[in-house]
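Here is a walk through one protein model, from a hole inside it to its cores, odd backbone spots and cysteines. Keep the 3D view open and click along as you read.

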Amino acid sequence: MRQYFTILVLGLILVFSSCRTDFDTVASSGDLKFSRDTVYLDTVFKNIGSSTYQLKVYNRSKDDISIPIIQLKKGLRSKYRMTVDGMSGNNGKIFKDVTLLAKDSLYIFIETTADITDANSTDFLYTDEIQFDSGANLQEVALVTLIQDAVFLFPEQNADGTKEKIQIEGKDVDGFYLNENDPENGNELIFTNQKPYVIYGYAGVPENKTVTFEAGARVHFHANSGLYVDDKASLEINGKTSTTEKLENEVIFEGDRLESLYSAIPGQWNSVIFSNGSTNHSINHLTLKNAVIGLDFKNPVNTVEIKNTQIYNCVEYGIFAQNTQINGENIVINYAGIASLSCVYGGNYTFTHCTFNNNWSNSSHFAVNLSNRLSGAVPETNPLTNAVFNNCIIYGSSTNEFNLEKSANTAFVYQLNNCLLRFGTTTNADYQFKTDTEHYNNIILNENPKYYNVSKNQLNIDKTSAAFAKGNQAYIIPLDILGITRTSPPDLGAYQSKDFPSK
């Protein structure tokens, strides 16, 4: 027993003796290595915090070293802030005597919140450097952020501390009505391309008013925010064909996180909601992405024209329409958790040269869903007086991308003409695509449209596509979604075929 105790004590002495060498450090000699020499923080709006970016610092030597100081060059005035191996230092700006073991590394995480006035007036870049040590041993890593100016629209705060509210479907939500005579922003019912807009809460369009989005307008919605078009109000989106990849004439609705990490994350904001009784909506050259529901039409919405519009990455639906009247041309929708297009509780719809695709990760989604009923509605059924699809592609990653929910004794009128459709085998009488000529004419079944890059929402086709030259000239829309002249016979879907660029 005594021998065992002696061995244990000697072992502990050896352990502690070896551990003590970890604290025998030498001064840094300026030989640190870095995972990058410049940290580019993606574009942010003024006074909105950035994502967190990472820098890794390496000690390649055989010695444990002590770095006398790690600091931002602008010191406490800097708009950047750091944590160094989990330490926050002096307001995230200055860290002293940082130990870095031999052959080891440490992590630095960087964020920023800056105003447009902090940036360089010529290029709107805000910069600083992380300094390691000083004098002859000084090493620096540059920090660069583009700050973008914007018009911010948000609910006012009431005297009791609560936020301004508006009603949507009988519920109070954080929101405000756009004012055509706002003392600060002027006419808030006209969105121009001069600056991007950032919306917090729901921006409401008042009754009997029209909100207009000019070509090139950029609208960014904060989390849980959206646009609400009230009873008897209207929406006009007047985008135009763009000639560059910057989509300079497109109207774009998306979230307010500009970092590339957020470019395709669904559910960053809520929806554009059209109330029961809103009317005379015109949507042209809109790109909408990363919402919960893209366009949400409540029962009933009258006279909707949607042309040359792209909707991507929505948690539930790209377009959800209840008893609505929609004429759609050159629409592209992809990635929706439930359905890219869902027309329920009846209505009247015509879609021509549209690409309704759905590559959402689950297998229970649809590209197109049609129904003449709605659970909980009174009455629960409503006539689907017309649902016509001409020269369209209805496709996706699920076995069945087309779904019909029919209630008996209520009208259910639909027809697909010259469409490429994905649907598995079935004996259901509603899906007899080859023999049921009342509902289906010239259907191309389960052939691959061969999109350019479906994962990046590039649903262009070339001459090898099953959709090439399969359209009916009687339904042709002369120009495709990009403004390219269609050939005869036309291709199916929203895009005129052309040779793909190299990937």
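The largest cavity has a volume of about 40 Å³. A cavity here is a set of points on a 1 Å grid, laid over the protein atoms alone, where a 1.4 Å probe fits but cannot get out. Grid points are joined across faces, edges and corners, and the volume is the space filled by probe spheres set on the points. The structure holds one cavity of 30 Å³ or more.

Before going on, note that this is a predicted model: local features need pLDDT of at least 70, side-chain atom pairs count only at pLDDT 80 or more, and totals for chains, interfaces and linings use all residues. Residues are numbered from 1 along each chain as its sequence is written, and side-chain values use heavy atoms, with hydrogens and water left out.

Which residues line the largest cavity? Thr-43, Val-44, Phe-45, Ile-48, Gly-49, Ser-50, Asp-256, Arg-257, Leu-258 and Glu-259 do; lining residues have an atom within 4 Å of a point. They split into four nonpolar, three polar and three charged. In this scheme Ala, Val, Leu, Ile, Met, Phe, Trp, Tyr, Cys and Pro count as nonpolar, Asp, Glu, Lys and Arg as charged, and the others, Gly among them, as polar.

Now for the greasy parts. In soluble globular proteins, nonpolar side chains tend to be buried together. A nonpolar core is a set of buried Ala, Val, Leu, Ile, Met, Phe, Trp, Tyr and Cys residues joined through side-chain atoms within 4.5 Å. Buried means under 20% relative accessible area, exposed over 50%, and partly exposed in between, with a 1.4 Å probe and protein chains only. The largest core has 67 residues, and Phe-253, Leu-295, Phe-351, Phe-389 and Phe-402 have the most contacts inside it. Apart from it lies another core, of 29 residues, including Leu-32 and Phe-95.

Next, some backbone oddities. Most residues other than glycine have a negative phi, and most peptide bonds are trans. The table lists the exceptions to look up; strands are DSSP runs of E, at least two residues, numbered from the N terminus.

| Spot | Feature | Place |
|---|---|---|
| Asn-299 to Pro-300 | cis, omega near -25 degrees | Pro-300: loop between strand 25 (293–297) and strand 26 (301–314) |
| Val-378 to Pro-379 | cis, omega about -10 degrees | Pro-379: loop between strand 30 (366–371) and strand 31 (384–390) |
| His-285 | positive phi, about 55 degrees | loop between strand 23 (279–284) and strand 24 (286–289) |
| Asn-457 | positive phi, about 60 degrees | segment after strand 37 (444–445) |

Are the two positive-phi residues buried or exposed? His-285 counts as buried because its relative accessibility is 6%, and Asn-457 counts as buried at 12%.

Finally, the cysteines. How many disulfides are there? The count comes to zero, a disulfide being a pair of cysteine sulfur atoms within 2.5 Å. For Cys-314, the nearest cysteine sulfur, that of Cys-343, is 15 Å away. Cys-314 is also buried, at 1% relative accessibility. Why is Cys-419 not bonded to Cys-392? The closest cysteine sulfur to that of Cys-419 is in Cys-392, but at 4.8 Å the two are too far apart for a bond. Cys-419 counts as buried too, at 0% relative accessibility.

Conventions:
On a 1 Å grid over the protein atoms alone, a cavity is a set of points where a 1.4 Å probe fits but cannot get out, and a pocket is an open set with protein on both sides within 12 Å along at least five of seven lines; lining residues have an atom within 4 Å of a point. Helices (H or I, at least four residues) and strands (E, at least two) are DSSP runs, numbered from the N terminus.
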